Amino acid sequence: MKPSEPLHPFSSRRSSNRLYDRFFTGMVWTVGIAIVLFILALLFVILQRGLPQLDWGFLVGLPSEIEEGGGIGPTLFNSVYMLVISMAIAIPLGMAAGIYLAEFAPDNRFVGFIRICVEGLASVPSIIFGLFGIAVFVEVFQIGLTILGGAISLAFLNLPVLTRVTEEAVKAVPIDIKNASFALGTTHLQTIRNVMLPVALNGIVTGICLTAGRAFGESAVIILTAGVTTSGQMWDFNIFSPGETLAVHLWYVQSEAIVPDATAIAEKAAAVLVFAVLLINLLFRVPLWINSRRARS
């Protein structure tokens, strides 16, 4: 009879590590699936209550203060109009600031302090930017509650996030790709424009999607800078008109309105708001998917 072989000194430790690894993997999968199911259930409840009741008249109709059957036409237009203006301001400035901090800014204490300030502004509550908008546009320039004031305040709200996202995305580009571009004789600006930005595009677009969805669904800033009323016209491009958005209208209907069908209006408006945010993310993602498939082929 052969004597039993001695146990390896690390065998027990390896088995325990495998057990911990399986436990941790199972826990991560369980938490991840639970979160995904919760999000899907939340979306289903909101869309299931509002989408079946939607009609074209509600989407383009004027809001009603007293009578039943009001629509969300001007508020939906103001949401899109204000989003376009704010992103047209925030995207170029945020990307330029992020590229500067990643590629051109010196590594000193002052630049480090600037980064800390940007990170701090990214976590500031939105109502602070609303108070800033009141101080600048209502009290200093005295233009009142307008679409312009709301759009610029939203741009300031999203500017720190876009700056940090762009900086981190540019820094994540492999240094070998950058050096290879320089070896071909390109300038720093050409390398950034033709090499680094295309590689970092996925991260930058993710940041744009997050800020665009946040801007479309923001209410505190809009209440303080653009007001809770509209001009009463469906297609009002005047930037000095009142700028109630869909999110603000949803809050107003649920808390202040006296219309008899306030609950139905809120359910339909919530469904439109959620669907619009999903559509914004899809519109930004589709070009990336097309480009990635072309690159693989």
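Entry 1, helix 5. I looked up burial first and found S126, F129, G130, G133 and F137 buried in helix 5 (under 20% relative accessible area, 1.4 Å probe, protein chains only; helices are DSSP runs of H or I, at least four residues, numbered from the N terminus). The model is predicted, with local features needing pLDDT of at least 70 and side-chain atom pairs pLDDT 80 or more, while totals for chains, interfaces and linings use all residues. Residues are numbered from 1 along each chain as its sequence is written, and side-chain values use heavy atoms, without hydrogens or water. Among what covers these buried residues I noted helix 4, helix 6 and helix 10 (220–225), and just after helix 5 I found Q142 with a positive phi of about 55°.

Entry 2, helices 4 and 6. I read that the axes of helix 4 (residues 109–122) and helix 6 (residues 147–171) come within 8 Å and cross at roughly 125° (lines fitted to C-alpha atoms over the stretch in contact, angles from 0 to 180 degrees between N-to-C directions). The two are therefore oblique to each other (neither under 35 degrees, nor 65 to 115, nor over 145). On the helix 4 side, R115, V118, E119, L121 and A122 make the contact, and on the helix 6 side P160, V161, T163, R164, E167 and K171 (heavy atoms within 4.5 Å).

Entry 3, helices 6 and 9. I then followed helix 6 to helix 9 (residues 201–217), where the axes come within 9 Å and cross at roughly 165°, so helix 6 and helix 9 are roughly antiparallel to each other. Among the residues that meet there I listed L154, V161 and A169 of helix 6, and G203, I208 and A215 of helix 9.

Definitions and conventions
Buried means under 20% relative accessible area, exposed over 50%, partly exposed in between (1.4 Å probe, protein chains only).
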